[in-house]
Amino acid sequence: MSIGLDNPGLAPLALLAGLPVLIHLIARPRPRLLRFPSLMLLEKAHRESVNLRRPRHWLLLILRTLWVLLLLGVFLQPRWFARPQGERTDGQRSLVIVLDATASMRARENGRSRYARATAEAVTLLRQLDTGDKANLIRVRAIPEPIYTEPGVNRDFLMEQVRQRPCSQEGGTLEAAVRLAVEQLATAEGDRELVVISDFQAEPDGSPPLLQVPEDIALTTLPVAEGGLPNQAITDVQLLPARPVRGQPFQIQVRVLNEAGQAVRLPLTLQIGSRFERLEVSVPASGSTLASLELEMESEGPLPVVASLEPDLFPDDDTRTCVLPLSSDLQIGISGSDATARMWKRTVDALPGVQSVRVDTLEALPERLDLLMISGWKGDAMEMLRRRVEAEMPLILKPAELPPAAAEWLGLPAGRFAVQRMDPPIGLRMPDPWPAELALFREDSYGSPARGLVSRHAVFPIQEEALIPILSLENGETVWGRVRRVPEVQFWNLPLGADESDLAQQPQWVPMFGEALRHSFRTSERLSSPAGTHLPTPLDGFEAKGLELVTLNQDPVLSEKGAGLVQSQDPLPPGLYEWRRGEEVLSMHAVLLPEAESHLTPMVPETQTGKELPKLETAEGWRELQEGIELWPWLLAAGLLIAAAEHALTQRKVPA
Amino acid sequence: MSLSNDILTPALLRELDKRRFQPRNRVEGRHSGRHKSPLRGSSTEFRDYREYTPGDDPARVDWRVFARNDRHVIRTYEQEAQTGCVVVVDQSASMNFGKPETKHRHASRLAACLCHLVIHSQDRAGLYTVRGDKTEWYPPAGNARHLEGVHRALASGAPAETADLPGALRKLQGLLHTSSTLVLISDFYCEPGDLFHGLNPFLHRGFDVHLLHILDPVERTLPEDRMLKFRDLENSAELKTDPNSLRTRYEALLADHLRGFRELSVRRGVRHKLHITDQPLFDALSELVE
């Protein structure tokens, strides 16, 4: 904020502020001498009253000085600007409005949505522009959506677009839209203005929105949220394990959020295929609860899961979907011929619902493989493995050596690794914190997973932070852990030969290995995507002929009009979709509302400088922000008040 | 009589001729006079009867009463004694204040009037002036020469220094042998308790004590000036202040000061009279003169 003067030429008159002091000094009365009989009583009265009169005199002097200053202020005609005034040009102005069109703006407050108020404010802003001013509008969505590629003079078109385009059901960050606005303004001429109209909800990481703008662009915020809504939402639906197998128990975990100030009890409905389940969920005030339902399904294939709450003021997040990819068994590929690979195969074959597949050559992997375990890997078929890992196939690697490319992919040291014999053998221990993969063993009901001795293993100079440990040697060296850079890949340096370790001979080995395999699968991103992204087609080119995308209610969304349909053209709203060709369901896909959109509590945006941003209550105040607010009437009123106070003070007798 | 004329103008003398000194209490004197004494005496004015006791003069037995009642009673008569009045005048520097007449001048005229009236009432008047730690003592007498001396002393006395009234009273105590009327004329800038401590011996001996509290009108209300430098007449201490801002508090403190004297006076049977110098002179003497 800053103050400007309409009559700066009168500023030297500020010296007159010293006038009351001068008058006080000059007009001090020269006291007459009076010989008085006795000062006995007079001194006593003086002592008692001086403590009251001295502050009163100072107050009078201050009031009179202030009065002169205020009077001068009236003549200087100051104006108050909510932000620092740089070198303003009186000519052209370029305005970019960043209009938040993310899903949270669909929340309704006082009978209308935040987006409806935001569009009305944007139109009011555009109306206040003068002829010749340029403007543009960027809608905040998953990908920022500018109306023009650069600010233009056709404001009517902008207003029409603002009114016509609905609010999206996508997430998005203000930061990206502001960055685009700054880029557009960088080449604009005249005064550059940026107004951000948003509910200023927290960023996905929970931090306040950060608006980074160069100093030569005047940034103003216009919050449209009137306060936090007592929103209840389903923010996550997860499967545990992520790849359930037909006939084996699994859990559907639903996270329910409550932004209200008091705890609530909510009915939660779960639809799994044609099966309905109803749960009562207690959610603490301003917190969340993880509701869990254990199921065992005999059917196979992808099943839709729909979790829903009763609708509230923001119904978009009261329903959330997920695809349940039930399979008959898990296909686990095992490559390698050493003792460790053999032990892996024996263990996998002993597990129910799991089938081992021998992989002789890594270049020719079977099409369906849920997990691959490679013992003695030397970096072969790295690109193929990389693609499969990216397609959500977990990989357990026991490398014999790591070529530079593989080392760079995994963030591990390159080289051939020597085998070290340890005499006496060294024991195992559980890392701290306890790995999530072996959470079942934490209570020690099934025996410690760290039982056993290791007498031989390869020496890897791995830095601690490269791995998320699952099992360690007693000396702290991680022998089994997730690769931090590629969490789908697990690093294995635990030889299972009879002369190498006795881990596989321990009674807890089979359940421990089975539990770890169950948890090797991470949440399937292949089957879901956030709203605002384009759905990939399961087929392309010639094979895509006859492909169509339908909703769960079989309403068509897109259909192939000829060869070449590659992906859906427009971002889809949250829900479940099926790719079909005729009667055949090729795949099922869940489009999800980003979790951050459920947090409707507004926050105060921050800047890189930490300064408080100018904030408008309504767009009507924008003109005042530009031209400043005349302060002289306020100064005059304050001066009158001070004059009245001074008069009252001088008239009032000092209490005896 | 030239000096006395400075204090007592012909007009005042004419006023004095119309008045006479009349003490409030019975007086105890060694000489016969016109005032009733607390003692029984030998005047012609009957007072009352009392039982005869051995030692009484048998000639004073009322035989008529004996004839009627068969009781020996003695007739007693009023003792008429000549009384004394001692005037104590404060001549401290604080009394040298006031316009057109200073408090000292006013007090001197009061004292002169009182002495004049006492002596012209065939009684005896004494004067005791106090200035600093110096005192002047004119023992009570009842002749014209004494009165002239008293007038001269009053006219020539110049106020100075600080008067120690309680101390001066202690000195005076040894100079007076019979109880009489004691009149103190002062502005009494001292603590009431201290003054009454000095008066206690007189009160115990039955003196009829009068305090004439002299104040100037300006001293009561302070001047109207905005700012004044006050200088204490007694110790030259100075205080620069705005009397307007102090007036209310000063008046309250002065009222407290006077109330202190008044309350102690009532309790001890002393007559306290506040006299402002712009009031008629004889108002101050209303308790002593008729």
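**Exercise 1. Pairing across the chains**

Which residue is the bridge partner of A:Arg35 in β8(B)?

Solution. The model is predicted: local features need pLDDT of at least 70, side-chain atom pairs count only at pLDDT 80 or more, and totals for chains, interfaces and linings use all residues. Residues are numbered from 1 along each chain as its sequence is written, while chains are lettered from A and ligands numbered from 1 in the order in which they are written.

Step 1. Locate the strands, which like helices are DSSP runs numbered from the N terminus (helices: H or I, at least four residues; strands: E, at least two). β2(A) covers 32-36, and β8 of chain B covers residues 228-232.

Step 2. Establish the pairing (two strands pair if DSSP finds at least two bridges between them). β2(A) and β8(B) run parallel and are joined by five bridges.

Step 3. Read off the partner: A:Arg35 is bridged to B:Arg231.

**Exercise 2. The contact between the chains**

Describe the side of chain A that touches chain B.

Solution. Step 1. Count residues in contact (C-beta atoms, placed from the backbone, within 7 Å). Chain A contributes 23 residues and chain B contributes 29 residues.

Step 2. Assign the chain A residues to elements. Those giving two or more residues are β2 (32-36) and α2 (40-76) of chain A; α2(A) gives the most, with 10 residues.

Step 3. Classify by residue type (Ala, Val, Leu, Ile, Met, Phe, Trp, Tyr, Cys and Pro are nonpolar; Asp, Glu, Lys and Arg are charged; the others, Gly among them, are polar). On the side of chain A there are 13 nonpolar, three polar and seven charged residues.

**Exercise 3. The six-stranded sheet of chain B**

Give the strand order, the edges and the helices that pack on the sheet.

Solution. Step 1. The order is β5-β4-β3-β6-β7-β10 (chain B), in an open sheet with mixed pairing.

Step 2. β5 (134-141) and β10 (271-276) of chain B are the edges; each has a single partner strand, so one side of each has no neighbour in the sheet.

Step 3. From one strand to the next, the twist averages 15 degrees (axes are lines fitted to C-alpha atoms, for helices over the stretch in contact, and angles run from 0 to 180 degrees between N-to-C directions).

Step 4. One of the pairs is β3 (residues 84-90) with β6 (residues 181-186) of chain B, parallel over five bridges. Within this pair, B:Val86 stands opposite B:Leu182.

Step 5. Helix α6 (residues 165-173) of chain B packs on the sheet and touches β3, β4 (124-131), β5 and β6 of chain B, at about 140 degrees to β4(B). Helix α9 (residues 243-268) of chain B also packs on the sheet, touching β7 (208-215) and β10 of chain B, at about 150 degrees to β10(B).

**Exercise 4. The nonpolar cores**

Which residues of the largest nonpolar core touch the most other members?

Solution. Step 1. Define the set: a nonpolar core holds buried Ala, Val, Leu, Ile, Met, Phe, Trp, Tyr and Cys residues joined through C-beta atoms within 7 Å. A residue is buried if 20 or more other C-beta atoms lie within 10 Å of its own, exposed if 12 or fewer, and partly exposed in between.

Step 2. The largest core has 68 residues, and B:Val87, B:Val88, B:Ala111, B:Leu114, B:Cys115 and B:Ile185 touch the most other members. Helix α4 (residues 103-120) of chain B supplies the largest share, 10 residues.

Step 3. Take B:Cys115 as an example. Residues up to four places away in sequence aside, B:Cys115 touches B:Val87, B:Ala125, B:Leu127, B:Leu147 and B:Val150.

Step 4. A second, separate core has 46 residues, including A:Leu371, A:Leu397, A:Leu438 and A:Trp509.

**Exercise 5. A single position in chain A**

Is A:Val479 buried or exposed?

Solution. Step 1. A:Val479 is in strand β28 (residues 478-483) of chain A.

Step 2. A:Val479 has 23 other C-beta atoms within 10 Å and is therefore buried.

Step 3. Beyond four places in sequence, A:Val479 is in contact with A:His457, A:Leu471, A:Ser472, A:Leu473, A:Asn493 and A:Leu494.

Step 4. A:Leu428 is 51 residues from A:Val479 in sequence, with a C-alpha to C-alpha distance of 9.1 Å.

Key
Two residues are in contact if their C-beta atoms, placed from the backbone, lie within 7 Å.
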